[in-house]
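Subject: Structure for you to look at

Hi,

As promised, I'm passing on the structure we talked about. Open it in your viewer and keep it beside this email while you read.

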Amino acid sequence: MATIAELAAVGLLSRHYAEVKPEETALIAAGGARSFRALHENANRLAHVLRDLGLRAGDAVALLLGNQPEFVEAYMAALRIGLRVTPINWHLTGPEVAYIVADCDAGVLIADRTFTLAAQASVDAVPSLRVIMVGAGGPGSQDYAALLAAASPQDPQDPSLGIQMLYTSGTTGQPKGVLKRVPEIMLPQGPGTVMAFQERGDVSLCCGPLYHAAPLLADMRWPLASGVPIVLMPKWDAEQALALVERHRVTHTHMVPTMFQRLLTLPELIRDRYDISSLCRVTHGAAPCPRDVKRAMIDWFGLVLLEYYAATEGGGGFQITSEEWLTKPGSVGRLWPDYGASVRREDGSQTAAGEVGLVYLKASAEGRFEYHKDPEKTAALFQGDDFTLGD
């Protein structure tokens, strides 16, 4: 019998949970729930469908899906047959979506019917593109549910592990695909890790869009690898988030400062209506958090906030607990030597303590990124193995 590490290395860790707790709930969503067995088997079915459409290890698939079970299934399916998967920001216009579909070289686009017009714009830009539509779609697309119903639920038996390529727009020019060619093996995030999941009893709430790197990791990939059920919130609503925490006894979630601000603007009567005592880890990042906002959130939620600083491109290693933050308000953590981060002057020399400079992050040999089809922009960010995004 394969070990957990062996299953993780080929994107089949869901098989473990499908075997040990097949009928327990893995996903809770407005469009329906999935048990651990159903989630695993649906991902297998879609993997066979994508193979039948001619995709092979190294090919690309794009996702234009909201926070819905089909996003999770499609992402899992792509990884377990060695594909490069690109989730697309569904807030973009049709031409913007079409640009990313073309730039990432997608052979198949899996889209929700809500985004039919953007899907059609992508087909216009890439005539060879095949479209799988969740729900009734436009002419030329294939129906997601019908394809899965006719496919095998058995493991695809592929030794390849796929990769993700997310797009980041930066401040100028067209969005760029952040490509890391070495697959990232996702192991359970149990005690001693950042998330410190307990497989029994913990529940993760995904309240941010899964096309973003942080919710994708913290609210989907880590819980999936850990056998923790996920509540998928289709779009952010402050009171609804509190209601879901109470209803499902949510223990973990990821938020951004704007969400904190909207929570704090709720009338006190509404805020006091919901029991959020189950929360034990609220990670946050993506933007600076005003000190008064964070202090108010700690006063309300308790010492459960864990802030981080990182980027889609990589790096990381910066994090700060609520207790630490209260002694150093405004900080996002220390420069830990083990992670190789540094602060430098414009000429690349090391700053002194207290001096303002550019933050440089370390790109590991295995996880070094590149901008898809843009080696010049990639090279401009690096000094050796270190890179800066200009912060």
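Below is what turned up, sorted by kind of contact. Please keep in mind that this is a predicted model.

**Cysteines**

Let's start with the cysteines. A disulfide is a covalent bond between the sulfur atoms of two cysteines. How many disulfides does the count come to? The count is zero. Take C280, which is in no disulfide: the nearest cysteine sulfur belongs to C207 and is 15 Å away. Since a disulfide needs the two sulfurs within 2.5 Å, that pair does not qualify. C280 has 40% relative accessibility, so it counts as partly exposed. C104, on the other hand, is at 0% and therefore counts as buried.

**Salt bridges**

Next come the charged side chains. Searching the whole structure gives 13 salt bridges. Here are three of them to click through.

- R181 and E370: their closest N and O atoms are 3.0 Å apart. R181 lies in the loop between β9 (176-179) and β10 (204-206), while E370 is in strand β18 (residues 370-371), so this salt bridge ties together parts that are 189 residues apart in sequence. R181 counts as exposed because its relative accessibility is 58%, and E370 is partly exposed at 26%.
- E184 and R221: here the N to O distance is 3.1 Å. E184 sits in the loop between β9 and β10, and R221 belongs to helix α8 (residues 213-226), so to speak a link between distant parts of the chain, 37 residues apart. E184 is partly exposed at 46%, whereas R221 is buried with a relative accessible area of 9%.
- R273 and E239: these side chains meet at 3.3 Å, N to O. R273 is in the loop between α11 (268-271) and β13 (281-284), and E239 is in helix α9 (residues 238-248), with their positions 34 residues apart in the chain. Both partners count as partly exposed: R273 has 47% relative accessibility and E239 has 23%.

Salt bridges can also share partners. R34, E70 and E73 are joined into one network that way.

**Aromatic rings**

Now for the rings. A pair of aromatic rings is described by the distance of the centres and the angle of the planes. The search finds seven aromatic pairs in the whole structure, and two of them make a nice contrast to look at.

Is the pair of F71 and Y75 stacked or edge-to-face? Their ring centres are 6.5 Å apart and their planes are at 10 degrees, so the pair is stacked. Both residues lie in helix α4 (residues 69-80), four residues apart, which is about one turn of the helix. Both are buried too: F71 has 0% relative accessibility and Y75 has 2%.

Then there are W300 and F301. Their ring centres are 5.0 Å apart with the planes at 80 degrees, so this pair is edge-to-face. W300 counts as buried at 18% relative accessibility, and F301 does as well at 10%.

Some rings go beyond a single pair: W90, F115 and Y211 are linked into a cluster by ring pairs.

**Charges over rings**

W300 comes up again here. The charged end of R271 sits over its ring, 4.1 Å from the centre. You can find another example at Y360, where R344 lies over the face of the ring at 4.4 Å from its centre.

**A sheet**

Last, have a look at the strands. Strands of a sheet pair through backbone hydrogen bonds, either parallel or antiparallel. One open sheet is made of four strands in the order β16-β17-β20-β19, with antiparallel pairing. Which strands stand at the edges? They are β16 (342-344) and β19 (382-383); each has a single partner strand, so one side of each is left without a neighbour in the sheet.

Further in, strand β17 (residues 358-362) and strand β20 (residues 386-388) run antiparallel and are joined by three bridges. If you want one to find on screen, try K362, whose bridge partner in β20 is D386.

Have fun clicking around, and send me any questions.

Cheers

Terms used:
Residues numbered from 1 in each chain as written. Predicted model: local features only at pLDDT ≥ 70, side-chain atom pairs only at ≥ 80, totals over all residues. Heavy atoms only, no water. Buried < 20%, exposed > 50% of the residue type's maximum accessible area, 1.4 Å probe, protein only. Salt bridge = Lys/Arg side-chain N within 4 Å of Asp/Glu carboxyl O. Helix = DSSP H or I, 4+ residues; strand = E, 2+ residues; numbered from the N terminus. Phe/Tyr/Trp six-rings, centres within 6.5 Å; stacked < 30°, edge-to-face > 60°. Lys NZ or Arg CZ within 6 Å of the ring centre and 35° of its normal. Pairing = 2+ DSSP bridges.
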